[in-house]
Amino acid sequence: MVQIWRAQAAQLPLPSRYGEVLNGQLDRMESSALFSEESCSFSQKDQLDALRIWLEKAREQLNRPVL
């Protein structure tokens, strides 16, 4: 799933900072997959919340009118 998300996101016409932030989030998601439960280092809920926020901001960016 992470590989697909990286590949698809790379094709979006977003500023480079979006890719940097997403790659960091996806790296953390891959690392957290090693844990089956919540841990002091990784919270599945926090990871999903961070990805949801990235997606909302990316949608806003993509929907901005071009001047």
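Here are five short exercises on the predicted model above, each with a worked solution.

Residues are numbered from 1 along each chain as its sequence is written. Because the model is predicted, local features need pLDDT of at least 70 and side-chain atom pairs count only at pLDDT 80 or more, while totals for chains, interfaces and linings use all residues; side-chain values use heavy atoms, with hydrogens and water left out.

## Exercise 1: The fold in outline

Find how many helices and strands the protein chain has, and what share of its residues is buried.

Solution. Start with the elements: the protein chain has three helices and zero strands, where helices (H or I, at least four residues) and strands (E, at least two) are DSSP runs numbered from the N terminus. Along the sequence, that gives the pattern α-α-α.

Next, take burial. Of the 67 residues in the protein chain, 25% are buried. Buried means under 20% relative accessible area, exposed means over 50%, and partly exposed lies in between (1.4 Å probe, protein chains only).

Finally, turn to contacts, meaning heavy atoms within 4.5 Å. Among the contacts with a separation of 6 or more, 55% are between residues 24 or more positions apart.

## Exercise 2: The nonpolar core

Work out which residues form the largest nonpolar core and which elements supply them.

Solution. A nonpolar core is a set of buried Ala, Val, Leu, Ile, Met, Phe, Trp, Tyr and Cys residues joined through side-chain atoms within 4.5 Å. The largest one here has 10 residues: Val-2, Ala-9, Leu-14, Tyr-18, Leu-22, Leu-26, Met-29, Leu-51, Trp-54 and Ala-58.

Now assign them to elements. Two or more residues come from each of α1 (2–10), α2 (16–32) and α3 (44–63). The largest share, four residues, belongs to α2.

For a closer view, pick Leu-14. Not counting residues up to four places away in sequence, Leu-14 touches Trp-54, Ala-58, Gln-61 and Leu-62.

## Exercise 3: The two sides of α3

Check the span of α3, then decide where its buried and exposed residues lie.

Solution. Begin with the span, whose expected value is 1.5 Å times one less than the number of residues. The 20 residues of α3 should span 28 Å, and its end C-alpha atoms are 29 Å apart, which agrees.

Then list the buried residues of α3: Gln-47, Leu-51, Trp-54, Ala-58 and Gln-61. They cover an arc of only 85° around the axis, so they sit on the same side of α3; the arc is that of the directions from the helix axis to the C-beta atoms.

On the other side of α3, Lys-45, Leu-48 and Asn-63 are exposed. The cover over the buried residues of α3 includes α1 and α2.

## Exercise 4: Salt bridges

Count the salt bridges, and say which residues of α3 join into one network.

Solution. A salt bridge is a side-chain nitrogen of Lys or Arg within 4 Å of a carboxyl oxygen of Asp or Glu. The structure has five of them.

One of these pairs Arg-6 with Glu-30, with the closest N and O atoms 3.1 Å apart. Arg-6 is in helix α1 and Glu-30 in helix α2, so this pair ties together parts 24 residues apart in sequence. Arg-6 is partly exposed at 23% relative accessible area, and Glu-30 is partly exposed at 39%.

Within α3, Asp-49 meets Lys-45 at 2.7 Å, N to O. Asp-49 is partly exposed at 23%, whereas Lys-45 is exposed at 53%.

Arg-52 and Glu-56 also pair, at 3.1 Å, N to O. They are four residues apart in helix α3, which means a separation of about one helical turn. Salt bridges that share partners join Lys-45, Asp-49, Arg-52 and Glu-56 into one network.

## Exercise 5: Two glutamines

Are Gln-61 and Gln-25 buried or exposed, and what do they touch?

Solution. First, Gln-61 lies in helix α3 and is buried, with a relative accessible area of 18%. Its side chain makes a polar contact of 3.5 Å with that of Tyr-18; such a contact is a pair of N or O atoms within 3.5 Å, and within protein one must be able to donate a hydrogen and the other to accept it, with residues adjacent in sequence counting only if both atoms are side-chain atoms. Not counting residues up to four places away in sequence, Gln-61 touches Leu-14, Pro-15, Arg-17 and Tyr-18.

Second, Gln-25 lies in helix α2 and is buried at 12% relative accessibility. Leaving aside neighbours within four places in sequence, Gln-25 is in contact with Gln-47, Ala-50 and Leu-51.
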